[in-house]
Amino acid sequence: MTKIVLIAVIICHIVQYTAALKEHPHAHRLSSYDPEMTRCGEYNSQVLPNGKCKIVATLPQQEGHRCPDMFRCTEEVAYWLHENEEHKSEILELRELISELQEELRNHRHRLKLLETQCSEGNHSSTVEHRVHNLENWAGESSALQRIQAAFIYDLQGKLLNLSSAVDRARRNDCLAAAELRAQKAHPKADVQHSQSCHSDCSSLYYNGIKRSGIYTIETGDEGIPTEVFCDMETDGGGWTVLQFRQDGSVNFNRTWAEYKEGFGDLNGEFWFGNENIYRITSQGEYSLRIDLEDWDGNHKYALYRSFSIEDEGNYYRLNVEGFSGTIEDSFAWYHNKRSFSTPETENLCAEISHGGWWYHQCFYSNLNGIYYRGGRYQKRRSAMGPDGIVWYSWRNTDYYSLRRVSMKIRSRAFQLHQYP
C-alpha cells in the first residue's frame with residue numbers, strides 16, 4: 001500500500017512539473033524558494049487547499065544537461081506501474097479461485113444437509129448405523145453358508161472319487177478275468193506271465209494285484225493299442241512303467257528319429273521304450289518320473305519329478321517336467337524342460353556331438369542316452385567334438401564321467417491315493 005501511495009504522489013509531481021515547463025520553458029525556478037537552498041535535481045512539493053499538488057524543482061540552465069534524480073524517479077514510476085499491473089492480474093485470479101471455492105463449499109453444505117435430513121427421517125428409512133448393522137449380519141450369514149456349501153462339495157467330491165475308483169476297479173477286474181479266460185482257452189497248458197490288456201500302465205497292474213516285476217501287456221492311448229512294457233513292482237512301492245534302462249552297453253543308443261519314436265532294444269536288458277509310447281501313456285493322465293543312477297563305485301542316487309509328460313510328434317516330443325526332489329542335484333528339469341527331442345540325423349549339432357537321442361539344449365547337463373563308457377571317467381576322443389557319455393553333471397561336476405547304470409520310469413501321480421492289497 002505504501003508503494004501505491006508513493007506512485008500516486010510521484011505521478012502527481014510529474015504532471016505538475018510538466019505543466020510548469022510548458023508555461024516557463026527557460027525558467028530554472030518555479031517558486032519563491034531560495035535557489036541557494038536547493039541544488040539541481042532536487043524538488044519539493046506540497047498539497048494546496050484546493051486539493052491540487054504544487055511541485056518546485058531546480059533545473060539546470062545549460063542546454064544538454066538534465067537532473068538525474070528526476071529521471072531516476074520516472075524510471076521507478078514505470079517499474080511500479082508494471083508491478084501494479086501484475087498484482088492486479090494476480091488479485092483477479094485469486095478472486096476467481098475464491099469464488100469457485102465458495103461455490104464448492106455451498107455444494108458440500110447442501111449435500112451435508114441432505115444427509116442429515118435422511119438420517120433424521122426415522123419413520124421412512126433406516127439410519128445409516130442400522131443399515132451397516134444389517135449388512136454386517138448379511139455378510140456373516142453369507143460366509144457361514146459358503147463354508148457349509150464348501151464342506152458339502154468336498155464331501156461330494158470324496159464320494160464321487162470313491163465311486164469312480166470302485167467302478168474302475170470293477171471294470172478292470174472284469175476285463176482282467178475275461179482276458180485271463182481267453183488266454184487259458186488259447187494256451188491251456190502254458191504258464192502265462194504276460195497280463196492280457198485292460199491296463200493303461202504298470203500302476204494299474206499293481207492295483208489289480210500283480211506285484212512281481214516283469215514284462216506285461218498294457219493298452220495305451222485312446223485307441224487302446226496293446227503294448228509290451230517292463231514293470232518295476234519293487235522300487236519305492238512299485239507300479240513303475242520303465243521307459244529306459246542302461247546297464248552294460250549291449251545296445252547301441254546312437255539311433256535315428258524313427259527308431260527313437262518306435263522304441264528299440266530288449267525289455268529284458270537295455271532298451272528305449274519309444275517316444276510315441278511315452279506320449280500315449282503320459283497323455284492318459286498325470287504322471288511322475290523317477291530316474292535311478294549308479295556310478296562305478298556302487299553308489300546309488302535318484303531324482304524324482306512330480307510332473308512328467310511329452311508332447312506329440314508334431315511338437316517334436318517336447319519335454320514337460322517339473323517338481324524336483326531326490327538324493328542328488330537336478331541336472332534334468334532345470335536345463336532341459338520345454339526342449340524338443342532330437343537325434344543325430346535331425347541336423348541338431350548337440351545330438352551329433354553327443355551321439356544319442358535326448359532333449360538337448362546347448363548341449364546338456366544330463367545325457368542318459370549317450371555312449372556307454374566302462375570304468376566311469378573317459379577322455380575326449382579325437383573324432384569327437386565334445387562329451388558324449390552317460391552323464392549326470394551335478395553328481396561328478398564334469399561331463400567326462402559316464403555312469404554305470406541308469407533307468408527312467410513313470411508312475412501315475414494318483415498311485416499314492418490308493419490302499420493297495
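A residue counts as buried under 20% relative accessible area, as exposed over 50%, and as partly exposed in between. By that scale Arg318, with a relative accessible area of 29%, is partly exposed. The structure described here is a predicted model, and the same scale of burial is applied to the other residues discussed below.

The chain as a whole comes first. The chain contains 9 helices and 13 strands. Of its 421 residues, 36% are buried. The surface that the chain exposes comes to about 26200 Å², and carbon and sulfur atoms supply 52% of that area. Among contacts with a separation of 6 or more, 54% are between residues 24 or more positions apart.

Helix H2 covers residues 68-120, and Ile98 lies in it. Ile98 has a relative accessible area of 45%, so this residue is partly exposed. Together with Leu94, Leu97 and Leu101, Ile98 makes a nonpolar surface patch of about 370 Å². A patch of this kind admits only residues with over 30% relative accessible area, and Ile98 passes that cut-off because its value is 45%.

Helix H2 also holds a charged pair. The side chains of Arg106 and Glu103 form a salt bridge, at 2.4 Å from N to O. About one helical turn separates these two residues, because they are 3 residues apart in helix H2. Both partners fall in the middle class of accessibility: Arg106 is partly exposed at 45%, and Glu103 is partly exposed at 38%.

How many salt bridges does the count come to? The total is 13. One of them joins the side chains of Arg306 and Glu322, with an N to O distance of 3.9 Å. This pair links distant parts of the chain, since Arg306 is in strand E9 and Glu322 is in strand E10 (residues 319-326), 16 residues apart. The distance of 3.9 Å is accepted because the cut-off for a salt bridge is within 4 Å. Arg306 is partly exposed, with a relative accessible area of 43%, and Glu322 is partly exposed as well, at 44%.

Strand E9 spans residues 300-310 and also includes Ser307. Is Ser307 buried or exposed? Ser307 is buried, because its relative accessible area of 19% falls under the 20% limit. Leaving aside residues up to four places away in sequence, Ser307 touches Tyr287, Asn320, Val321, Glu322 and Arg413. Glu322 is thus both a contact of Ser307 and the salt-bridge partner of Arg306.

Arg318, the residue used at the start, forms a salt bridge with Glu311, and the closest N and O atoms of the two are 2.8 Å apart. Elsewhere, salt bridges link Asp232, Arg290, Asp292 and Lys409 in a network.

The covalent cross-links are next. The whole structure has 2 disulfides. In one of these, Cys202 and Cys231 are joined with their sulfur atoms 1.8 Å apart. Cys202 lies in helix H4 (residues 202-207) and Cys231 in strand E4 (residues 225-232), so this disulfide ties together parts of the chain that are 29 residues apart in sequence. The torsion about the S-S bond is about -75°, which means that the disulfide of Cys202 and Cys231 is left-handed. Cys202 and Cys231 are both buried.

Cys350 and Cys363 also form a disulfide, with 2.1 Å between their sulfur atoms. Cys350 is in helix H8 (residues 349-354), whereas Cys363 is in the loop between H8 and strand E11 (366-367), so the pair ties together parts 13 residues apart in sequence. The S-S torsion of Cys350 and Cys363 is about -80°, so this disulfide is left-handed. Its two ends differ in burial: Cys350 is buried, with a relative accessible area of 10%, while Cys363 is partly exposed, at 22%.

Aromatic rings complete the tour. There are 24 aromatic pairs in the structure. One of them consists of Trp334 and Tyr335, whose ring centres are 5.2 Å apart and whose planes stand at 55°. This pair is tilted, because its angle lies between the limits of 30 degrees for stacked rings and 60 for edge-to-face rings. Tyr335 counts as buried, since its relative accessibility is 13%.

Definitions and conventions: Residues are numbered from 1 along each chain as its sequence is written. This is a predicted model: local features need pLDDT of at least 70, side-chain atom pairs count only at pLDDT 80 or more; totals for chains, interfaces and linings use all residues. Side-chain values use heavy atoms; hydrogens and water are left out. Patches are made of residues with over 30% relative accessible area and no salt bridge: like charges are joined within 9 Å, nonpolar side chains (Val, Leu, Ile, Met, Phe, Trp, Tyr) within 5 Å. Accessible areas come from the Shrake-Rupley method with a 1.4 Å probe; for residues, only the protein chains shown count as cover. Helices (H or I, at least four residues) and strands (E, at least two) are DSSP runs, numbered from the N terminus. Buried means under 20% relative accessible area, exposed over 50%, partly exposed in between (1.4 Å probe, protein chains only). Contact means heavy atoms within 4.5 Å. A disulfide is a pair of cysteine sulfur atoms within 2.5 Å. Rings of Phe, Tyr and Trp (its six-membered ring) pair if their centres lie within 6.5 Å; planes under 30 degrees apart count as stacked, over 60 as edge-to-face and the rest as tilted.
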